[in-house]
Amino acid sequence: MNEMEKIESILMTMKEISKCTNDFLFIGDIVGDRNVFLGDYDKDYALNDEQKPFICAEELMKIVHPQDREILQKEITDIAEGKKDFHNLNYRWIKRNGQIAWISCRGTVLKDSNGKPQFLIGRVSEEALARLYNPLSGLWNKEKLMEDLENEIPMNRTKYLMLFDINNLTAINLTFGRTYGDILLKQVAEKIEQTKKVSSVYHVDHKNFIAVIDSYNEDEVRNVFNEITNQMMGKCTFAASALPLDIDVFNDSTQVMDALSITLARAKNQLENSLEMFSKEEIEQRVREHTLILELKKSVKNNFAGFYLMYQPQVKSETYEIHGTEALLRYTSLNMGNIYPDEFIPLLEKTHLIDKVGMWVIEKAILQYREWKKENPDFHMSVNISVIQLEDPHIAKKIIALFEKYNVSGRGFCIELTETHKIHEVDKIADILRSLKEYGLQISIDDYGTGYANIAYLKQLEIDEVKIDRFFVKDLKKDTYNYNLIHNILQFAKQNNIRVCCEGVETVEELSVLESVSPNILQGYLFDRPLKSTVMGEKYLYETEEYKTHIRQRERICQEVQKQSFLKLNIQDVLINNGVGIWLIRKDKATDACEMYIGNAMKKILGIELDYTVETCYEYWNERIHPDYQDKVKLILEKMLQNPRKRYQIEYPWKHPQLGYIMLHGSGMCVSDSNNKYVFEGYHVILEDVEDV
Ligand code: C2E
Ligand code: CA
Ligand code: CA
């Protein structure tokens with residue numbers, strides 16, 4: 001068989017095979033650039049409309065997607081040069097109707113007797129890839145991305161992924177029609193694909209695209225986004241997220257996709273074009289939250305395994321005797337260890353698991369309360385309830401049922417309402433609280449001042465107690481905003497018979513300032529931290545050795561507070577209380593003009609009420625010296641001048657604006673001589689006030 005006969009025979013066989021498959025078979029003469037395609041391609045592709053016996057590569061190129069022509073040409077050249085014995089390429093053909101189809105093209109190279117490439121025989125398959133791309137944009141779909149990611153992820157630290165979400169596509173479809181929306185999607189696909197540094201694009205969902213960016217530089221990645229949004233300006237805007245393909249962060253393609261969509265949620269909260277970069281911490285936080293929620297659910301199902309209560313003492317102010325305790329929920333996860341309430345309570349609220357857990361807390365607290373009340377009938381117990389729990393309209397009934405079940409009176413039991421969420425239906429909540437109050441329970445507003453509660457609301461809900469948060473108690477000093485706030489609440493509370501508990505008292509300093517506004521109840525680390533129930537019992541209820549340590553601790557605090565109140569004495573207060581007024585006089589060397597500076601106590605002594613200047617003050621004091629003593633006082637100042645730092649004293653009658661003549665005792669010295677001024681300083685007392693012993 002000569003060459004020609006050989007080809008004829010191959011073609012015959014191929015024609016027969018072609019009948020049994022939807023693929024298009026082909027044979028190409030590599031040297032002569034003559035190719036034959038077999039199969040029913042005419043229907044969709046304008047590959048050979050003139051029905052020629054052979055077509056050349058140039059004619060094939062006409063139906064190849066422009067973006068793919070270069071790689072196909074390179075493949076053909078490589079084959080012709082003998083660099084490849086096998087052809088395997090996925091690329092896009094364009095149909096008569098403009099639609100794009102991904103085809104899988106495979107073939108084998110046949111060589112001549114000299115070993116030179118002569119023919120390429122193979123098949124083009126549309127079906128092989130049909131499930132892997134989006135027919136509208138002609139881009140690979142999510143399935144293909146997931147396949148590819150498995151290969152990309154190990155190629156650590158060279159690439160970024162960017163997820164695009166078209167804002168308002170639904171609105172665009174509604175306004176301009178679906179056809180317009182489809183054209184827009186195609187344009188977006190094209191623009192992303194044509195952007196520099198973008199190596200491939202996937203149309204992962206109706207209005208979502210993912211681009212693989214050949215860069216590991218965040219600025220370059222941002223530039224890609226800016227370029228695309230600029231190109232599409234006026235047509236649509238994007239929310240986008242981006243992340244580096246980092247093998248240390250992501251184990252598989254699912255994690256990558258999750259991270260992209262979590263980050264995208266952040267971008268979607270913003271208007272207009274916005275790109276958010278993935279943050280490892282955020283994702284870790286989300287993963288932790290997710291895991292913790294699963295753990296909490298398991299625990300609740302498993303009879304509240306891992307939950308337990310701690311009890312923090314609440315003491316009466318001034319005596320620091322025990323008033324009661326606040327039950328505080330704790331959680332230890334089997335896999336994650338001890339978790340802080342600040343972390344797990346919001347999750348319980350978010351998932352509404354708090355409804356069940358909250359009832360469990362109340363039940364445990366009631367049982368404990370029953371025990372401790374036997375020892376101390378005046379003992380109080382507080383439990384926390386979040387506003388979320390009050391969404392259950394039957395909660396009051398459920399709580400009361402528990403008290404009845406255990407035959408415990410509600411008196412002395414207090415519900416602390418924590419306001420992490422705004423109360424929307426105040427009336428409904430007021431009803432719930434009223435039912436509880438009617439049963440004898442007390443209601444407290446927790447964290448007053450940090451949440452939404454205000455004074456009007458305290459009145460409406462007829463509450464029994466407000467708890468002032470540590471935020472206002474810490475670093476408390478007189479004459480500060482916080483001090484005034486606590487002072488005002490206390491005044492209001494006292495007028496309305498509301499008890500005030502200050503919590504988070506950590507130091508004797510805070511306590512001694514707090515005592516000056518006399519709250520009713522105190523709570524904080526200074527007295528004790530939250531304790532296990534056994535320790536709480538031993539230390540505060542039963543007359544054990546531990547009980548004695550608590551008494552000693554109480555006495556120590558009492559002593560320290562007393563000491564503090566001495567130290568806390570304000571010098572100004574001492575001076576005012578003792579009628580000691582301090583003064584300073586400056587005398588100009590050249591003009592003899594005098595200025596007088598005085599403290600608050602001196603102001604009181606001199607009966608000065610109106611505004612005055614340092615000059616008028618001097619005149620005022622000087623003029624009111626009894627005429628017989630004017631010279632004596634002048635002489636004393638002269639002596640002070642001549643003997644700096646030597647103290648002189650004088651007693652003289654002085655005309656007080658309201659009291660008439662009073663006897664003043666003055667003492668002072670000349671302290672400096674600078675800036676052309678002499679400076680004198682000293683103090684005055686009113687002698688009539690002093691009682692001799
Ligand atoms: P809270 O009700 O304001 O509880 C007081 C918190 O302050 C407790 O934190 C307590 O340990 C802490 N604390 C007490 N004294 C001091 C102090 O002197 N200094 C400082 N820095 N902190 C002090 P904990 O136990 O971590 O509880 C945090 C929050 O979790 C509670 O704040 C409460 O809002 C919530 N919570 C606790 N148990 C429950 C519960 O059973 N149900 C509900 N709904 N919430 C609860
Ligand atoms: Ca509380
Ligand atoms: Ca609180």
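Axes are taken here as lines fitted to C-alpha atoms, for helices over the stretch in contact, with angles between N-to-C directions running from 0 to 180 degrees. In this predicted model, the axes of helix α5 and helix α9 (residues 253-268) approach within 9 Å of each other and cross at roughly 120°. The arrangement of α5 relative to α9 is therefore oblique, since angles from 65 to 115 degrees would count as roughly perpendicular and those over 145 as roughly antiparallel. On the α5 side the contact is made by Lys142, Leu145, Met146, Leu149 and Glu150, which meet Ser253, Thr254, Val256 and Met257 of α9. By character, the residues of this contact comprise five nonpolar, two polar and two charged.

Further along helix α9 lies Thr263, a residue that is buried, with a relative accessible area of 1%. When its neighbours within four places in sequence are left aside, Thr263 is in contact with Ser241, Glu276, Met277, Phe278 and Ile283.

Helix α5, which spans residues 142-152, also lies across strands β6 (160-166), β7 and β8, and runs at about 130° to β7. These strands belong to an open sheet of five, arranged in the order β7-β8-β6-β9-β10 with mixed pairing. Strands β7 (198-205) and β10 (274-277) occupy the edges of the sheet and have a single partner strand each, so that one side of each is left without a neighbour in the sheet. On average, and with direction ignored, neighbouring strands of the sheet are turned by 20° against each other. The pairing of β7 with strand β8 (residues 208-213) is antiparallel and consists of six bridges, and within it Asp205 has Asn208 of β8 as its bridge partner.

A second antiparallel pairing is found between strand β22 (residues 648-656) and strand β23 (residues 660-674), which are joined over nine bridges. The two strands, β22 and β23, form a hairpin in which three residues lie between them, and Lys655 stands opposite Tyr661 of β23.

Two calcium ions are considered next. For the calcium ion (ligand 2), the protein donors are Glu326 (OE), Asn384 (OD1), Glu416 (OE) and Asp446 (OD), which lie 2.1 to 2.3 Å from the ion. Along the chain, the donor residues of the calcium ion (ligand 2) follow the spacing E-x57-N-x31-E-x29-D. Asn384 is located in strand β14 (residues 380-386) and Glu416 in strand β15, so this pair ties together parts that are 32 residues apart in sequence. Asn384 is partly exposed, with a relative accessible area of 23%, whereas Glu416 is buried, with a relative accessible area of 0%.

The calcium ion (ligand 3) is coordinated at 2.0 to 3.1 Å by Asp446 (OD), by Asp447 (OD) and, through two listed OE contacts, by Glu503. The spacing of the donors of the calcium ion (ligand 3) in sequence is D-D-x55-E. Because Asp447 lies in strand β16 (residues 442-448) and Glu503 in strand β18 (residues 499-503), this pair ties together parts that are 56 residues apart in sequence. Asp447 is partly exposed, with a relative accessible area of 22%, while Glu503 is buried, with a relative accessible area of 12%. The two sites are linked through Asp446, which coordinates both the calcium ion (ligand 2) and the calcium ion (ligand 3), and the two ions are 4.1 Å apart.

Two loop residues are notable for their backbone angles. Asn407, in the loop between α13 (395-405) and β15 (413-418), has a phi near 55°, a positive value in a residue other than glycine. Asn407 is exposed, with a relative accessible area of 72%. Glu462, which lies in the loop between α15 (455-461) and β17 (465-468), likewise has a positive phi, near 50°, and is a residue other than glycine. Glu462 is partly exposed, with a relative accessible area of 45%.

Key: Residues are numbered from 1 along each chain as its sequence is written. Chains are lettered from A and ligands numbered from 1 in the order in which they are written. This is a predicted model: local features need pLDDT of at least 70, side-chain atom pairs count only at pLDDT 80 or more; totals for chains, interfaces and linings use all residues. Side-chain values use heavy atoms; hydrogens and water are left out. Two strands pair if DSSP finds at least two bridges between them. Helices (H or I, at least four residues) and strands (E, at least two) are DSSP runs, numbered from the N terminus. Contact means heavy atoms within 4.5 Å. Donors are N, O and S atoms within 2.8 Å of the metal (3.2 Å for Na, K and Ca); water is not among the atoms, so sites may look incomplete. Buried means under 20% relative accessible area, exposed over 50%, partly exposed in between (1.4 Å probe, protein chains only). Angles under 35 degrees count as roughly parallel, over 145 as roughly antiparallel, 65 to 115 as roughly perpendicular and the rest as oblique. Ala, Val, Leu, Ile, Met, Phe, Trp, Tyr, Cys and Pro count as nonpolar, Asp, Glu, Lys and Arg as charged, and the others, Gly among them, as polar.
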